[in-house]
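Visitor: I've got a fresh structure on my screen and would like a guided tour. Please start with the vocabulary.

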Amino acid sequence: MSATPITCHYTALGLRPEATAEEIASAYGRAMSRFKRRLSAGDPLPAEHLDTIRAAYRTLSVASARAAYDEARRPATPLGAATEATATTAASAAAPSMATGAPIAPAKGANDPASEFDTSAASVEFRGEGREYLRIWLVNVALSVVTLGIYSAWAKVRREKYFHRNFIVDAAAFDYHGDPRAILVGRILLVVLLGLMSLAENIDPTVHLIASVAAMFAFPWLLVRSMQFRARNTSYRGIRFAFVGTYREALVLYLVHGGLTTITFGLYLPAFLQKQKAFLANRLRFGDSPCTFEAGVAAFYRGLKVPLVLWLLLPVAVLVLVGAASALGPAGGILLIVLIPLSILLVVLLLSLLLIPYIRVVGTNLLWNHTRLGETRFASTQTVRSYLNLVVANWLLVLLTLGFYWPFAQVRLAQYRARNLSVINPEALASAVAAQQAVPAALGDEAIDAFDFDIAL
Amino acid sequence: MLTAHYYDGRSAQRNPVRLYVRDGALQVEGESFNRNIPLGDIVVDEPLGNAPRCITLPDGARCEVDDHEGMKQLLADAKIGETLVVRLQKRWQWALAAFCIIVTGAVSGYFWGLPAVAKALAPQIPQAASARLSAAVLARLDTQILQPSRLPPARQQAILRLAETTLREPGMPVWRIHFRSSTKLGPNALALPGGDLIILDKLVTLLESEDRINAVVAHEIGHLAHHHSMQQMIQGAVVSLVLATWFGDISSAAVAISGQLLQSGYSRDAEREADRFAARQLLRCCAGSQPLIEALERLEKSEGGSGSALLSSHPETVERIAAIRAWAPPAGIARP
C-alpha cells in the first residue's frame with residue numbers, strides 16, 4: 001500500500017481551524033461531490049483521498065471529537081497523527097461499497113451502536129438521460145395532443161415516475177404513485193376555477209374583488225392539499241412520505257409573513273423564506289420519522305445579504321439618476337425618457353437573471369444543510385454561478401429549439417441537483433416505519449387525491 | 001437467479017432477496033423468509049431507462065432490481081409483456097412519428113381548429129356579457145391611454161348624423177360611437193365587443209372628409225358583425241395558455257412576444273372580413289367603396305408604409321384595396 005500523506009483534518013476539507021459546523025458540513029459536501037464527479041468522469045481520485053475526507057468529517061462534525069482533536073493538535077504531538085491513521089484504516093473498510101455503489105450495502109440498523117458515530121455519506125445519483133427522456137416526452141405530448149389534453153394526466157404520472165425512479169440515494173430509488181384519474185379531476189377543477197377567476201375579472205369590479213379575496217384564502221388551502229398529495233404519493237424504500245402541515249399554518253405563513261414581505265418592500269423576505277422552509281421541512285414525515293429544520297432567520301439574512309444590498313441600492317440608484325438628469329435641465333428630461341424604460345428593463349433582468357436564481361440557490365442550500373431526518377443529514381453544494389450557467393443555457397436552448405430542448409433541460413437540472421446533494425448517514429433511514437395513515441387503502445381520502453396543483457414552495 | 005432489494009412496505013429495512021418464477025408464481029427468497037406470490041397478483045412497473053425495475057406485491061411490499069438483463073429473463077419466464085406506450089417510447093421511429101403528430105397538431109390547430117372554434121363560440125356569448133365586458137374595457141382604456149376628444153361638437157354631430165343615416169339598419173349590429181383623443185395611439189379606430197366604437201381625433205384630422213370617416217366606421221361595424229374582438233379574445237386566451245404550458249416557466253416575455261406574433265396572423269383575416277362588410281355596405285347605402293380605399297391610402301401614407309407583412313396587424317394596403325375593388329366598384333366620387 002502506498003504511503004498516504006497524513007494531512008490535517010482542516011486542510012483535508014480546505015477549512016480554517018475556526019470553521020463553523022455549517023461550513024464543515026458544506027465543505028464536506030463539496031469534497032464528496034468533487035470525488036463523485038471525478039469518479040463518474042472516469043478519472044477517479046485515489047481511494048485514500050475519500051478516506052481522508054471521511055475521517056476528517058467524522059472527527060470535525062462531532063463536537064466532542066472535534067474538541068479532542070483540537071486539543072491533540074495544539075502541541076503537534078504524534079498522538080494526532082496516530083488517531084488519524086486508525087481512523088483511515090477503519091474508514092477504508094467501508095469505502096468500496098460507497099465508491100462502487102455496490103447494490104447491497106451492509107445492513108446497518110439504528111440499533112447498531114457504531115452507527116451513531118460512523119457517519120458515512122451516500123451518493124445521490126440521477127440516472128436519467130436527455131435522449132431517453134426526449135422519446136418519453138415526445139410520446140407523452142403527442143398522445144396528449146391526440147386526446148385533446150386528457151392524456152396529460154397520464155403523461156404527468158409518467159414524467160414524475162421517470163424523475164423519481166431515476167433519483168437514487170444509497171442504491172434505492174424514489175417512486176411516485178399519483179393516480180392519473182385523480183390528477184385529471186384536479187386539473188379540470190383547476191381550469192374551471194381559473195376560468196371563473198378571469199371571467200370575474202372582466203364582468204364587474206366588485207365581483208372581481210370578492211373573487212380575489214376568496215382566491216387569497218383559497219391559495220394556502222390548495223398549497224397544503226398539493227403538498228399532501230405530493231408527499232403521500234412519493235415513496236423511498238417502500239415507505240411513503242407524508243405532509244402534516246395545516247391550513248391555518250399555511251394561511252398565517254402567506255397572509256402574515258407574506259404580507260409583511262410586501263409591506264416592507266422585500267426586507268422581510270429572508271425571514272419569510274425561513275418560515276416557508278421551516279413549514280415545508282418541519283411538517284414532512286418519512287413514514288413515522290419527522291423532519292426537523294434547524295436554521296434560524298439570521299442564517300437566511302446572512303445567506304441573502306448580497307441580493308438584499310443590491311435591492312436596497314436600487315432606489316438609491318434611481319434617485320441618483322433622476323437627480324443627475326434634473327440637474328441637466330431640459331436636456332435631462334429627454335435623457336430621462338430614454339433612461340427610465342432602460343432602467344426598468346435592467347431591473348427586470350436583474351431580478352429574473354440574478355436575484356431569483358440567487359435566492360433559490362441559497363434557499364435550497366439552507367434547506368438541505370439544516371434539515372435532519374432522524375439521524376440522517378444532508379449536504380447541498382449548489383453555487384449561484386453554476387446554477388445560473390445551467391439555467392441560462394437551458395432557457396436559451398429551449399427558446400432556440402422552439403421548446404423541443406425542454407426534456408434535455410429538465411434532465412440536466414435533475415442531474416445538477418443530484419450532483420450537488422449528498423446524504424450523510426443514510427443507513428439511519430432504515431429505522432423508519434410506515435405511519436398508520438400512510439397505508440394507502442386504509443384512508444382512501446379521495447378528496448385529497450383530487451387536488452394536485454403542482455404548487456411548489 | 002435474480003438478486004433484488006426487498007422492502008416490506010412497513011419498515012424501510014432493506015433485505016437482499018433472490019427472485020425467480022416457478023409454478024406460475026413469483027418466488028421471493030430472503031435470508032429469513034420465503035414468499036410465493038401468484039403472477040396475477042404482482043404489478044411490474046414499466047421500465048424507465050436505467051432506473052431500477054420495480055415489482056410491487058399485493059400487500060405493498062416491493063422488490064427493486066438493478067439487473068436489467070436478469071429482469072428481462074424473469075419477465076420472459078413469467079410471460080409478462082410490455083404495454084403499448086412503453087413500446088412506443090422505446091424506438092426512435094415512434095418518437096419521430098410523435099414529433100410529426102405534435103407539429104401537425106399545432107399547425108392545424110392554429111390555422112383551422114382554433115379559428116373555427118372561436119368563430120363558432122364568439123356569437124354565442126350573450127349580448128349582456130359582452131356589453132359589460134365592453135364597458136369595462138372602455139373604462140380601463142379611458143384611465144390608461146385615452147383622453148376626451150378635442151373635436152368641435154359640430155364636427156362630431158356631422159359624423160354621427162352621416163353614420164346614423166347610412167349605417168343604422170335592421171339586422172346590423174348595435175353600435176355607439178365614442179370620440180376620444182390619445183397621445184400614445186396613432187390615427188385609429190377601435191371596435192369593442194359590446195358595440196362601442198372609439199374614433200380618435202387623429203383619424204378625423206387625417207381623413208378630413210366625412211365620407212372617408214364614415215367608410216372607416218363601416219369597417220369597424222364589420223368587425224362587430226363578425227364578432228371579431230370576442231373571437232380574438234378567445235383565440236388570444238387559448239394561444240397564451242398553450243404557449244405558457246409549452247414553454248413552462250421559461251419567461252413570460254418570450255410567451256408574450258410569440259403570442260403577439262401568432263395573433264397578428266389572426267387579425268389579418270379579421271381585417272379582410274371587415275373590409276368586405278364595409279365595401280358591401282357602402283355600395284348599398286352610399287356612392288361606393290371609393291372613400292374606404294382613400295381612407296386606407298391615407299392611413300398607409302401616415303404610417304410611412306413601414307412594417308413587414310408578418311408584424312403589421314393590417315395586411316398590405318395594396319392587397320386590401322384590390323380586394324375591395326373586387327367586392328364593390330369604387331363608383332362614387334368622394335365629396336370634397
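Guide: When I say helix or strand, I mean a DSSP run, H or I with at least four residues for a helix and E with at least two for a strand, numbered from the N terminus. This is a predicted model, so local features need pLDDT of at least 70 and side-chain atom pairs count only at pLDDT 80 or more, while totals for chains, interfaces and linings use all residues. Residues are numbered from 1 along each chain as its sequence is written, with chains lettered from A and ligands numbered from 1 in the order in which they are written.

Visitor: What is the phi of B:His227, which follows H7(B)?

Guide: H7(B) covers residues 210–225, and B:His227 comes after that helix. The phi of B:His227 is positive, near 55°.

Visitor: How many of the 16 residues of H7(B) are buried?

Guide: Buried means 20 or more other C-beta atoms (placed from the backbone) within 10 Å of the residue's own; 12 or fewer is exposed, and in between is partly exposed. The expected span of a helix is 1.5 Å times one less than its number of residues, and for H7(B) that gives 22 Å, which agrees with end C-alpha atoms 22 Å apart. The helix is mostly covered, and the number of buried residues is 14.

Visitor: How many residues of the other H7, H7(A), are buried?

Guide: H7(A), residues 152–165, reaches 19 Å from first C-alpha to last, close to the 20 Å expected for its 14 residues. Its buried residues include A:Ser152, A:Lys156, A:Tyr162 and A:Arg165. The rest of the structure largely encloses H7(A), because the buried count is 11.

Visitor: Which strands stand at the edges of the open sheet in chain B?

Guide: Two strands pair if DSSP finds at least two bridges between them. The open sheet has 7 strands with antiparallel pairing, in the order E4-E3-E2-E1-E7-E6-E5. One side of each edge strand is left without a sheet neighbour, because each has a single partner; those strands are E4 (34–38) and E5 (43–44).

Visitor: Is E4(B) enclosed or largely in the open?

Guide: E4(B) pairs with E3(B) in the antiparallel sense over 5 bridges, and B:Leu26 has B:Ile37 in E4(B) as its bridge partner. The two strands form a hairpin with 3 residues between them. With 0 of its 5 residues buried, E4(B) therefore lies largely in the open.

Visitor: Which residue in E3(B) stands opposite B:Leu19?

Guide: E2 (residues 15–22) and E3 (residues 25–30) of chain B run antiparallel, joined by 6 bridges. Opposite B:Leu19, in E3(B), stands B:Val28.

Visitor: B:Arg18 is in E2(B) too, so what does it count as, buried or exposed?

Guide: Two residues are in contact if their C-beta atoms, placed from the backbone, lie within 7 Å. Leaving aside neighbours within four places in sequence, B:Arg18 is in contact with B:Met1, B:Leu2, B:Thr3 and B:Glu29. It has 15 C-beta neighbours inside 10 Å, so it counts as partly exposed.

Visitor: Which helix gives the largest share of the largest nonpolar core?

Guide: A nonpolar core is a set of buried Ala, Val, Leu, Ile, Met, Phe, Trp, Tyr and Cys residues joined through C-beta atoms within 7 Å. The largest one has 97 residues, and B:Leu19 and A:Tyr28 are among those that touch the most other members. With 8 residues, the largest share comes from H6(A), residues 130–146.

Visitor: How many residues of chain B are in contact with chain A, and which element gives the most to that side?

Guide: The contacts link 39 residues of chain B to 40 of chain A. E1 (2–7), E7 (62–65), H2 (84–90), H4 (127–144) and H8 (228–247) are among the elements of chain B that each supply at least two residues to that side. Giving the most, with 7 residues, is H3(B).

Visitor: B:Ala116 sits in H3(B), residues 92–121, so is it buried or exposed?

Guide: The C-alpha atom of B:Ala116 is 9.6 Å from that of B:Gln231, which is 115 residues away along the chain. B:Ala116 has 11 other C-beta atoms within 10 Å, so it is exposed.
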